[in-house]
Amino acid sequence: MNPVVGLDVAKGESQVQAFLDKSKPFGKSYSMKHTREDLDRFIGFLHEIEVMTGQMPIVILESTGHYHSPVIQCLEENEVLYILLNPIISYQAKRSSLRKVKTDAIDAYQLCMLYYKEDFEPHKKRGIQLLNLRNLSRQQEIVTNMYVEAKLQFHTILDQVFPEYRKVFGDLYSKVSLLMLKKYPTSEDVITAGESKLAECVMEFCPRRSSLWALEKAKKLMDSAYRNPFQKVVYHSHLINLQMYIEMLFQYQGHLSELEVRIVTLADELEDYKIVQSIPGIGEKIAATIISEIGEIERFNHPKKLVAFAGVDPSVHSSGKFTATTNRITKRGSSRLRHALYLAVLCGIRSSRNNKRKEFYDKKKSEGKPAKVAIVACINKLLHWIYALLNSKETFQDIA
């Protein structure tokens, strides 16, 4: 017999349907909450099926972001094999049904039916280090997006209070720049303080620089205060918002610095990180993202599967005598991996640090390929290099 248990996972609970063999459903489906008590009862249910069939059933479920995490952890703790499906696969299978019915019970039932129709491989457990690295890399991306949004809002407020201030320091978001703006947020505050007092504050906030540099910044700050169109701030709420955004920017900078240190520290322990980083044009952050999204290279038995996982494989459209000549990439799989590879290719091409990649890009351009098509071809080539290097455990040797 070939038993299987289908789980339709939702937030906090799952619908369970068991099959003893093909076309042999076992009882009715039931709802299971993601609590320790219900999960232990579910493991007991699996053992009950094992006694009846002589084989531990495999569990099939969809990948649902983080909702399936407690179920997966329970299955791995009890060494139960499971199949984690891409939702696209199960969705296409559901669409093939003539009847348009959507319930949790039917979804769990159809997952079992799909198991007998297709030849799925059990999910391969990934290493904790790579999963931790992936979580930190993704969190860094989330915090970076929040930091960018805070910058935009900060610009909006600054434009209504002290727009000329952005010409004072080379980096508006540096520590000394934000601290000076926090202490002297208006033209009136700057002019009242005077040049010497401003220079003292600059030296206090940035002691590693010279007194001449501090005096130069103080003069620039005075000039910007006199040029500022808002000599007096009418809306006190703008000053409150400005102080709030300055604090937020400091917090985001601190979080990003801490995440970067933790990512590099964790990645340094992995051999794959050093291998990928040996490719010219790939720095620490991009290398960490690439290896964390790819995971164990053993998950892919051919480089084309890695290309498909990154979503840079061409889509195919053919019907009868018609075959499309313009095919876009599928953009399925990991969007974060695809973005990291895109940045890696751009860095390699623009800086000319990777001669092989630059030559390949120039070759595609000489063939009349548009820039974006040539870049996608370079990403495809880069993935083949990464696949070969990670399998052979060798570093990249750039031949001029």
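**Rings, charges and one helix in a predicted model**

Reader: At what distance from the ring centre of F309 does R299 lie over its face?

Author: The model is predicted. In it, R299 lies over the face of F309. A charge counts as sitting over a ring only within 6 Å of the ring centre, and the distance here is 5.4 Å.

Reader: Which charged residue sits over the ring of W213?

Author: The group over this ring is a charged side-chain end, 4.3 Å from the ring centre. The residue is R209.

Reader: How many aromatic pairs does the structure hold, and how far apart along the chain are F19 and Y116?

Author: The structure holds twelve aromatic pairs. One of them is F19 with Y116, tilted, at 6.1 Å centre to centre and 45° between the planes. F19 belongs to strand β2 (residues 13–21) and Y116 to helix α4 (residues 104–117), so the pair links distant parts of the chain, 97 residues apart.

Reader: What class of pair do F300 and F309 form, and why?

Author: Planes from 30 to 60 degrees apart count as tilted. The ring centres of F300 and F309 are 5.3 Å apart and the planes stand at 55°, so the pair is tilted.

Reader: Is F300 buried or exposed?

Author: Buried means under 20% relative accessible area. F309, at 23%, is therefore partly exposed. F300 has 8% relative accessibility, so F300 is buried.

Reader: Where on helix α15 do its buried residues fall?

Author: In α15, R357, F360, Y361 and K364 are buried. Seen down the helix axis, the buried residues fall within an arc of 100°, so they line one face of the helix.

Definitions and conventions: Residues numbered from 1 in each chain as written. Predicted model: local features only at pLDDT ≥ 70, side-chain atom pairs only at ≥ 80, totals over all residues. Heavy atoms only, no water. Buried < 20%, exposed > 50% of the residue type's maximum accessible area, 1.4 Å probe, protein only. Helix = DSSP H or I, 4+ residues; strand = E, 2+ residues; numbered from the N terminus. Arc of directions from axis to C-beta. Phe/Tyr/Trp six-rings, centres within 6.5 Å; stacked < 30°, edge-to-face > 60°. Lys NZ or Arg CZ within 6 Å of the ring centre and 35° of its normal.
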